[in-house]
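Work through the exercises below with the sequence and the 3D structure at hand. Try each task before reading its solution.

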Amino acid sequence: MPDFSHCFPITDPTLIFFVVLLIILFAPIIMGKLRIPHIIGMVLAGMLIGEHGLNVLTRDASFELFGKVGLYYIMFLAALEMDMEGLKKSKKQMGIFGLLTFAVPAVLTYLAMRLGLHYPVTTSLLLGCLMASNTLIAYPIVGRYGLQRKPSVSLSVGSSMLSLFIALMGLAAIVAASQDDIGIGFWVGFAAKTALFCCVLAVVIPRLTRWFLRRYSDAVMQFIFVLGILFMSAALSDAIRLEGIFGAFLSGLILNRYIPRLSPLMNRIEFIGNALFIPYFLIGVGMLINVRLLFAGGLTIWVVLGITVAGTLGKAVAAYVSAFVSKLPISSGNMMFGLTSAHAAGAIAMVMVGIRLTNPDGSPVIDDAILNGVVIMILFTCIISTIVTESAAQQITFRDKEFASDEHRKDEEKMLIPVKYPEYADRLIHLAMLMRNEKLRTPMVGLNVVYDDANASYNQREGRKLLDHLTGLAASADVAMQTQVRIAANIANGIKHAFKEFQASEVIIGMHMHPNRSSKFWGDFHQSLFNGLNRQIVMARINQPLSTLRRIQVAVPSRAQYEPGFYRWLERLCRMAGNLECRIIFHGRGDTLAMIEAFVKSHHADVRMECITMEHWNELPRVAATIAEDHMFVVVTARKGTVSYKSALEHLPFEIKQHFNGKNLMIIFPDQYGGSMDEMTFAQPQHTEEQSAYELVREWLHKKLHK
């Protein structure tokens, strides 16, 4: 039998990368058949091929490089996908969980090592800090189930950062104490440089990001820019001895609102991380583990039991107590425990720091038994974390399906997006993606209408190129898209016919960027469209990337709540505000604002909403004074003869030209017969007089629709 032992470990870079890719490809397949979380498969594969296993690969510089990138990526993605508004509303709960998930494991581990195994105080304190921190190694499971914005997940991510920060401070104190350098000066200096670091990033990154995104729309450039911000923050964090993961997480928090969850850029960031960097990190962690040490005798097995049991028990107590205090169900407690119970590279980093330290009696703070015990503890806690998180994710998914009868409201949604100019089409697609219901998985429809003239063939080819580009753009965000190039003698009629063919629910179309160049604000084309089509039409003038918007301001006419399409445009705007994580302000009459507020609080509680009374349409100049360059001004108008139409709307083009020229603008013509009012089961008017008027209007509309 031939001997291949001389071929291993593999040193050729091409073969090393090939073996890693095979693991990334087949580990999920094999683990899926065994019903074991994929992450464990990566760690076990690393154990198998590493120097402590079959010695197929050595943990060379590539694993060091990609492993560190993967760890930063996990922290960055966790911060990027956090529900910031939900987190702001639960600051108290996050603080409680963060303190508990640090203090309980730290105390239990200290007692286990100090009283149970009689280790020195410095060693016991260091291991306490180590077990109090955690790595979000199971976070990709959350992403696979689409639960990133659940309260339990946000609390877990936020508390992980808080506990890590306290643990790093404790580690810094231990290091300083071992060097006889601790005192009030140390703590003042440490607090000052940490505060300065956070403030500098919070001031510089937003300004730099807005400047870059407004000037450069190339997908590759935007992705490289985001990675540059990530690693710049990590490097600066390392420079002030806060560990790079702190900087990576902080940069993700700052960039959170500039990278919408449903954008192509977010999809690219997640794809690259989950396909390469994070698996590389997990395989590298597995290569550090030597299970044979468990059977080698000595203190190793007792160290493993001590820190694993004490640390895991402490994390469990903290998670379930915090869930009880926050009035969350047991499945959320399971999720909180699962996400916060794993230890990986952060623990390795702390141990490596401890190796260089000595106790007052001259003995090493970290001996061989502790080093081996910590590495094996990583394997056990990773297994516990991934199994519990997978189970909790399934429980929460089933729970949401059971109680989400109101979540899936009937809305035959299919957006038609007529496009002509390449430089503007991308922004319309982004707008549609921010407004669509991602759970319906309904394809969007891209349409290019060309005149039936001598240039029709050339314009058709250019239209197909544009639509092919938009299909790729939508696909990069995992959104399906249908397209059509249509020849018509009249552009508006071509759009109307396509609307009927595709059975669309609404139209999203661009407006001219320079209204003063047109003698008529609407132009014959736009006027023909909204006069001849009674479904919802959204006309948008977008001067900058939507991700850089800070506020949406909406002017709503009186009696708008009696229109059949009232809840449709309101739902779209709430989705847009929620995905952009920006504030939305409604200006209108008191009775209309009451219904808007009831709907938003009932169905989009996480959206930051504000209502300002506007008694008459002539108050638009006052509203105009509050519109900044990075705001979107939305006007909900009405067609002649409809319930909410008023003569003041005839002056709308003039007022927009005079007061809102050059601003980001959206004009909405609501659905006039989009759905029976009987299907609109959202918020109902609260007062008797409003209820009576509401019922009269609904009865009249019902008769008109079914005549």
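**Exercise 1.** Which residue in E10 stands opposite Arg 541?

Solution. The model used here is predicted. Start with the strands: E5 covers residues 536-541, and E10 covers residues 664-669. E5 and E10 run antiparallel and are joined by 5 bridges. In this pairing, Arg 541 stands opposite Leu 665.

**Exercise 2.** Describe how E4 pairs with E5.

Solution. Strand E4 spans residues 506-510 and runs parallel to E5. The two are joined by 5 bridges. At one position, Glu 506 is opposite Gln 536 of E5.

**Exercise 3.** Sort the residues of E5 by the way they point, and state whether they are buried or exposed.

Solution. In a regular strand, side chains alternate between the two faces of the sheet. On one side of E5 are Gln 536, Val 538 and Ala 540; Ile 537, Met 539 and Arg 541 point the other way. Buried means under 20% relative accessible area. By this cut-off, 6 of the 6 residues of E5 are buried.

**Exercise 4.** Describe the packing of helix H5 against helix H6.

Solution. Two packed helices are described by the angle and the distance between their axes. For H5 (residues 91-116) and H6 (residues 121-132), the axes come within 7 Å and cross at roughly 145 degrees. The crossing is right-handed. Next, list the contacts: H5 contributes residues including Phe 102, Tyr 110 and Arg 114, and H6 contributes residues including Val 121, Leu 125 and Met 131. By class, the contact residues of H5 and H6 comprise 10 nonpolar, 4 polar and 1 charged.

Technical notes:
Residues are numbered from 1 along each chain as its sequence is written. This is a predicted model: local features need pLDDT of at least 70, side-chain atom pairs count only at pLDDT 80 or more; totals for chains, interfaces and linings use all residues. Side-chain values use heavy atoms; hydrogens and water are left out. Axes are lines fitted to C-alpha atoms, for helices over the stretch in contact, and angles run from 0 to 180 degrees between N-to-C directions. Helices (H or I, at least four residues) and strands (E, at least two) are DSSP runs, numbered from the N terminus. A crossing is left-handed if the near helix is turned anticlockwise from the far one by less than a right angle, and right-handed if clockwise. Contact means heavy atoms within 4.5 Å. Ala, Val, Leu, Ile, Met, Phe, Trp, Tyr, Cys and Pro count as nonpolar, Asp, Glu, Lys and Arg as charged, and the others, Gly among them, as polar. Buried means under 20% relative accessible area, exposed over 50%, partly exposed in between (1.4 Å probe, protein chains only). Two strands pair if DSSP finds at least two bridges between them.
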